[in-house]
Amino acid sequence: MPFEGLLDSLAEALVVLDPALRILEWNVAMQRLTGVSRADAVGRNADAALPLFRDQALAPLVRRALAGETPGAIELSHTMRDDDREVRLEARCAPWRDGKGAIAGTVTILTDISDRQHRALLLRAMEAIGHSLTSSLDLNEVLDTIVGKALEVMAAESAVVVLGDATSREYRVMRAAGRLSQKYAAAGSIPMGGGPISRAVQEARTVTTRNILTDTSLWLAPARRADIEREGFKAVAAAPLAAEGRILGALVVHYWRERTFGAEEGAALAFLAEQAAIAIRNASRYEAEHGQATRIRALTDVNRRISSALELDGLLRTISESAAELTGARLASFWLADEKRRQLSFTSGSRAELVEEYSPRILSYEQGSVGWVASHRRALVVDDVLADARLVNRAWVERWGLRSFAGYPVLVGDELLAVMALANTEPLRFGADTQDLIDMFLAQAAIAIQNARVYREAQRRRDVAEVLARLARELTATLEVEPIAKLLARGAAELVNARAAGVYLVEPEDGSLRALAAYGADADIMQELVFKPGEGAVGRAVADHRIVITPDILSDPAIRLSAWVRERIRASGYRAVIGVPLLTHDRVIGAVGLGAEPGSTFSPEDVQALESLADQAALAFENARLYASARDSLVRLRETQAQLVQAAKMSALGQLVSGVAHELNNPLSVIVGYGQLLLARDVAPGVLRPIELMVSQADRMAKIVRNLLLFARQRPAERTTVNLNEVMEQTLALRVHQLSLSGIAVEKRFFRGLPPVLADPHQLEQVILNLLLNAEQAMLEAKTGGRIMVTTNVSRDGREVHAEVIDDGPGIAPDALPHIFEPFFTTKTVGSGTGLGLSVSYGIVEEHGGRLGVESRPGRTVFTLDLPVVMPASPPRETPTGSPKVITGDGRTALIVEDEPSVLDLIVTLLTQTGWRVEVATGGRKGLERVRSQRYDLIVSDIRMPEGGGEDFYRDAVALDAALTNRFIFITGDTANREAYSLLAEAGVPIIEKPFAPTLLLDAIRRVATSLTPSS
């Protein structure tokens, strides 16, 4: 064009397009903005030369200019080709007219307004940060403002504030915002290295990189590089946080694309970092001063609480809570010291949920970090307890996310009173002022604990007197031996704070001492001990009529113990023992034995209190002896009552099982019904086998339901002639794979020509399965692998079939053998047996007129099964496998009353296929409404339905129309309602139990329909 020089003199980028959007002119400013020369641009389509013209906002402006309009300006984003820097452009379009005034194209002018926008954003950021400096001293609020404005001013995708100087090993992440993952932001720290952050801090200048992963001037540790690769960011800019000549950390922005940073962007980030450093310094100073004031107030409050509290447990809890508040630790706790035993007892803590879960509660001075503090009498700080060899309970530490420990001895002179332990999620660091406060706090706590000990001792004396008075009242208030023994055991243990106390009475037959009651941590061990005359501390006390005390019952040569008693005591936690005889006016009836932890002693006050308690208890026992006959009668009455309660529970269980069976019978009816309908049709051979399997497995499920009902005594067993060999083969097939996996071999020795027995085959399967499971579990608990032999035979007289299940397991203990068939008796470990399998099997065999027995010794257990032989009856006439003769329903109407949709659908299908007109109702009440409005030739109804039961429906329908008496057929899965079942059966109404075969229902319909004429 003739005025190219004029266009090139313009500061704004300009392009002229013809109506076809081909470039006619392209000035020098446009070349600088786009990086495309005039020669490469002129003549090309604008979309191809500059993707900016495809922008959804610019394209409409060009079209409007071509239409003769002069639209207003718009703003666009554009990425510079040479440095990938993003700029903001203002775009304006106007028509280009020729000499005749006709539109010959459009003129588009692009102006770079990035600096103007950037200055505006920077001004707003300065205003916002300045507002934070003057209006808020809350560090969190200041940090949120800084990262938010960094994202906005720098157009960044994420922003992070980190703290740390050039000497730090890592930088602590104070705040992160934007696109960074939760895992990255939550890591809490960034290791020092040669990246932008480290260089910005070390060199005290703004550092930028186009791509942090490819920049050769940077160095990243492998783990740090892997973190960045996982996050995916590329361009990074970091400016140091400098205040008062110190580098506090860095302000960092990230981009998930490569880009170059201009000088003005670096200056903007540096300004933001400078303002951020001032804000962080001011907020930190405020927090420090505020924290110091808080700590002084907390210490004052602690002193006030200590001076007003004397009860030790409550005091330690108060001190723990104050210590946690004072130091900022997540948990503060106290371990009381026992200098004589060199042990620490975990007593109280600031957080109950952490304290309750901790174990062990007692540590020696050689155990754990608190033991180290106790033995060395000086403070200990551990930054990472997971890496410390002294750690005692790793699972608890990891469970609560604790990492650091600080322990301080609580001393009065040279005496250690306790250890205060602090635990936190981060390293514990205290300044000099805080450490001085802690020292003052520990000194006050030491005085308070010492005072509380004095108070506790005085209170203990008072408590002993109160306990003796209370026990005297309680002992005289009952005339039963066992309650007296329990009161005595509990009272004795409480008096001297023993681990366990047992009350032993002399057996008249042999003079041995057996525990009648026990109390305390080792009560289970003390309860099972039996002492021969003169044996143990209690035996000596009875024999010598005096109190016997030993500091260590296992090493005292004056105390005689049998081997098994010694082993049981060795497994307990007590060693110091005292035996106090129970003396009446003419004889010794027993003794009280108390066990305390090793190193414990019984003071003269303890002995005197126990003696007084034993005298009162002996008198109560003597009075109770006179009441023995009445007590025995009461015990028998309670046993009878317990049996009645158990009977009621079993009745309720039967009702529950019956209800479950009813719910299962409905879907089983549908599976069996539709399965058999499919089998009656011509189906592809590939489909036939799956359908047959489906029907057979549904029949098997129906058998299981009937077994449940039999267990609940809701229906009789189905007995038929059974070959025991076949039953055992079928049962073995259920377990042989699992037995093989367990390394157990199975050997079979079956008698050929075994005569049949009259039995329910499924019940016999249950018996054999229980015997196999019993053998398998016994063998697996004792060793790996083994052998099970299963045999059958006939008795010499031919009247009984004999079977044996033999295993080479550990055998049954002689004391357990007589109880093996008792309900709920089991020799298995807790959780692996109910104690019902063998008792149920025993009952099944007895109901079949047979016998179930057992013989056992180590390495061989034999369960024997004997059943009476029966001569097989003449084989019944086989029912044809095809469908029975079907009476078509042409001209007849049937009503189906069923609340289960799937069963209802099955019955409707069966009837409609045979020509019946079918109407349905979902309950007895709706069914009766239909009977009132129309006569039916056939009514098929369920018995138990939520909207009106079948029994009431039948009674009301027959009352309305007597002709319906012989037109009802009932289907039901409810056998628990035996009254309704029996009433309908006595009335001659056909009843079909679910699940049913379609042929069975059609046969019943045929029998009902043969005598009917079509209804009107």
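These numbered points go through a pocket, two cis peptide bonds, two residues with positive phi and one strand residue in a predicted model.

1. The second largest pocket of this predicted structure holds about 1600 Å³ of space. Its lining is made up of 36 residues, and those closest to the centre of the pocket are Arg 172, Met 174, Glu 426, Pro 427 and Arg 429.

2. Which helices and strands each supply at least two residues of the lining of this second largest pocket? They are strand 7 (170-178), strand 11 (246-255), helix 11 (263-308) and helix 12 (312-327), and the largest share, 7 residues, comes from helix 11. When the lining of the second largest pocket is sorted by class, 13 residues are nonpolar, 11 are polar and 12 are charged.

3. Two peptide bonds deserve a look when you trace the backbone. Ser 359 and Pro 360 are joined by a cis peptide bond, with omega at about 0°, and Pro 360 sits in the loop that runs between helix 13 (352-357) and strand 14 (362-364). A cis peptide bond also joins Lys 994 and Pro 995, where omega is about -5°, and Pro 995 belongs to the loop between strand 35 (991-993) and helix 31 (998-1009).

4. Leu 21 has a phi near 65°, which is a positive value in a residue other than glycine. To find Leu 21 in the structure, look in the loop between strand 1 (13-17) and strand 2 (23-26). Is Leu 21 buried or exposed? Neither word fits, because Leu 21 has a relative accessibility of 26% and therefore counts as partly exposed, a class that lies between under 20% for buried and over 50% for exposed.

5. Arg 342 likewise is a residue other than glycine with a positive phi, here near 55°, and its place is the loop between strand 12 (331-338) and strand 13 (343-349). Because its relative accessibility is 36%, Arg 342 counts as partly exposed.

6. Thr 111 lies in strand 5, which covers residues 103-112. With a relative accessibility of 18%, Thr 111 counts as buried, because buried means under 20%. Leaving aside residues up to four places away in sequence, Thr 111 touches Glu 12, Arg 88, Leu 89, Glu 90 and Arg 92. Sequence separation and distance in space can also be set side by side for one pair: Thr 111 and Met 30 are 81 residues apart in sequence, while their C-alpha atoms are 9.7 Å apart in space.

Definitions and conventions:
Residues are numbered from 1 along each chain as its sequence is written. This is a predicted model: local features need pLDDT of at least 70, side-chain atom pairs count only at pLDDT 80 or more; totals for chains, interfaces and linings use all residues. Side-chain values use heavy atoms; hydrogens and water are left out. On a 1 Å grid over the protein atoms alone, a cavity is a set of points where a 1.4 Å probe fits but cannot get out, and a pocket is an open set with protein on both sides within 12 Å along at least five of seven lines; lining residues have an atom within 4 Å of a point. Grid points are joined across faces, edges and corners, and a volume is the space filled by probe spheres set on the points. Helices (H or I, at least four residues) and strands (E, at least two) are DSSP runs, numbered from the N terminus. Ala, Val, Leu, Ile, Met, Phe, Trp, Tyr, Cys and Pro count as nonpolar, Asp, Glu, Lys and Arg as charged, and the others, Gly among them, as polar. Buried means under 20% relative accessible area, exposed over 50%, partly exposed in between (1.4 Å probe, protein chains only). Contact means heavy atoms within 4.5 Å.
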